[in-house]
Amino acid sequence: MKWSLAPSSRREGDVTGVEAPVTVRAYLLCVFASFGGILFGYDSGYINGVLAMNYFKLEFGDPNSTDTENAYEGHMYATWEKSLVTSILSAGTFFGALFAGSLADWIGRRSTIIAGCIVFSIGVIFQVASTTFGMLVPGRLIAGIGVGFVSAIIILYMSEVAPKAVRGAIVSGYQFAITIGLLLASVVDQGTHSRLDTGSYRIPIAIQWVWALILGTGLFLLPESPRWYVKRDQIDKAAQALSILRGQPADSHYIRDELAELVANYQYELANMRASWIDCFRGGWKPSGNLRRVVLGMAMQMMQQWTGVNFIFYYGTTFFQQVGLSNSFVISMITTAVNVGSTPISFWTVEKFGRRPLLIYGALGMLVCEFIVAIVGTAAPGSDAASTCLIVFVCIYIFFFASTWGPAAWVVIGEVFPLPIRAKGVALSTASNWLWNFVIGYITPYMVDPEEGDLGAKVFFVWGSTCTLCVIFAFFLVPETKGLSLEQVDRMLEETTPIQSSKWVPTTTYADEATLQDVEKITGARHHEDAVTTGAATKTGVAQETAEKPDTV
Ligand code: BGC
């Protein structure tokens with residue numbers, strides 16, 4: 001199919017109409033990718049309950065454990081084993097995410113996610129087969145590498161294919177899928193934890209494979225990211241992919257306008273930067289500099305972990321046992337259910353109020369809850385008041401996380417990088433999530449376990465303090481990206497500061513400013529017979545004639 005680059009009916013100065021209206025089909029296509037979140041959530045969640053299972057303690061634990069309080073028939077694993085098996089997943093995902101940053105530029109976004117599903121499946125086989133930590137730990141490491149591919153590149157893919165008006169909501173859908181994954185893990189753990197055979201832990205582990213299968217096969221049916229095709233100089237394919245995603249004919253003015261903007265923006269960015277890993281750290285501290293954007297993305301994900309949320313999701317079950325709550329499995333399930341139930345609120349709020357308010361007020365809400373739990377738990381440890389307070393405020397805290405930082409942190413990292421370094425920037429940010437996930441997952445048992453730091457509820461003083469830093473970070477460093485195309489975000493970062501950013505409005509497009517030569521540089525000679533033109537050419541009137549042509553496929 002031939003296409004022409006943006007002979008458009010869009011009037012000069014109209015910078016809003018470069019995207020097609022969102023169709024239900026286009027919406028569903030983008031939403032399917034969010035299924036990757038289930039993999040992420042389930043895999044990080046199932047270990048929480050498995051560690052508290054009696055049969056697991058029997059099979060994997062030391063028969064002569066001194067931890068009589070938590071042991072089952074004298075069997076218990078050591079704190080270091082619990083830390084290692086929990087956090088090794090994050091170590092794998094850290095390296096997986098980083099590697100995926102290169103792979104996604106090389107083989108494409110979609111193929112990288114499919115590759116991630118295959119690696120993940122190998123890790124699952126190891127885990128199902130394991131009867132010792134010696135096998136379970138490598139299994140989680142390998143599965144982690146696969147999850148790293150998936151978690152970094154799904155965000156990239158979704159941000160690149162989603163229409164701008166619903167991009168925040170669609171990426172929030174990924175977070176929703178994470179929470180469903182966590183809930184499913186908790187439900188399956190609850191269903192099998194009382195079994196006294198290997199099924200207790202093997203069933204929860206094996207079920208993960210189903211998610212990988214659905215995601216991997218489903219992705220074959222989705223188009224590759226048009227922005228990746230633009231990066232590869234495959235403009236025809238970019239037009240076809242956009243056409244499928246937007247539900248519009250490839251030569252409709254919507255597709256031509258959007259594509260012209262993608263190409264012109266890429267051209268502009270390339271003229272100003274190269275795209276290696278080192279280039280991610282160039283550009284100094286100005287808001288549009290690569291370094292500043294990478295620091296923003298990595299810090300965003302670091303701060304998301306420092307909200308302390310995974311203390312609840314990784315160690316909630318064992319922590320609730322330690323502070324004397326008898327029905328710890330059920331409480332864990334309730335917290336994960338609150339997580340699922342509250343996330344969809346963000347589908348609306350992230351587009352209505354924007355990313356910044358969600359992050360600022362969300363962190364405020366969380367820190368208040370954390371300090372209340374810490375103060376009551378320290379003042380009256382073991383009391384009914386402390387237990388009720390713990391359950392109620394942990395749930396409110398999860399509500400705030402799920403409706404704000406959970407989704408918004410992913411939304412922002414999908415939006416702030418320019419195309420030449422986008423895959424690497426998202427990968428670095430995701431790797432930062434997993435790095436801090438690992439660090440926190442590893443050190444927390446040492447802070448909390450009775451035989452170690454024995455902090456008990458006081459640990460919430462730590463999370464409350466780190467959450468205070470989240471408020472400061474969001475206020476000073478996070479720009480408002482709501483309602484802008486990824487190309488407009490680039491412009492906004494060049495022209496304003498994070499604090500002023502919500503007032504910024506686009507006044508021009510890259511396509512309007514690009515010259516015909518600029519576009520030909522990337523489209524190459526093979527398009528010379530097409531009516532290749534840009535907004536700049538539009539001004540000369542060249543496109544005005546072609547603009548009246550009917551849209552045909
Ligand atoms: C975080 C995870 C967390 C999950 C909880 C995600 O956004 O990155 O670490 O377990 O939310 O819903």
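A polar contact here is a pair of N or O atoms within 3.5 Å of each other. Keep that cut-off in mind as we walk through this predicted model and look at how its ligand is held.

Let's start with the side chain of N339: one of its N or O atoms is 2.9 Å from an oxygen atom of the ligand. That distance is within 3.5 Å, so the pair counts as a polar contact. Q305 also takes part, with an N or O atom of its side chain 2.9 Å from a ligand oxygen. For Q175, a polar side-chain atom lies 2.6 Å from an oxygen atom of the ligand. On its own the ligand would expose 310 Å², and the protein buries 100% of that.

Where does the ligand sit? Its place is the largest cavity. Five helices each give two or more residues to the shell around it: α7 (167-192), α12 (290-306), α13 (309-322), α18 (405-415) and α19 (419-448). Of these, α7 gives the most, with 4 residues.

Now for the residues themselves. There are 15 around the ligand, and those that come nearest are Q175, Q304, N310, N339 and W410. By type, the shell has 6 nonpolar residues, 9 polar ones and no charged ones.

Finally, step back to the domains. Domain 1 (22-222) and domain 3 (282-499) both give residues to the shell, so the ligand lies between them.

Key:
Residues numbered from 1 in each chain as written. Predicted model: local features only at pLDDT ≥ 70, side-chain atom pairs only at ≥ 80, totals over all residues. Heavy atoms only, no water. Near = heavy atom within 4 Å. Polar contact = N/O pair within 3.5 Å; in protein donor to acceptor, adjacent residues only side chain to side chain. Areas by Shrake-Rupley, 256 points an atom, 1.4 Å probe, with all protein chains shown as cover. 1 Å grid on protein atoms, 1.4 Å probe; cavity = no way out; pocket = protein on both sides within 12 Å on 5 of 7 lines; lining within 4 Å. Sits in = over half its atoms within 2 Å of the grid points. Nonpolar A, V, L, I, M, F, W, Y, C, P; charged D, E, K, R; others polar. Domains from an automatic or database assignment.
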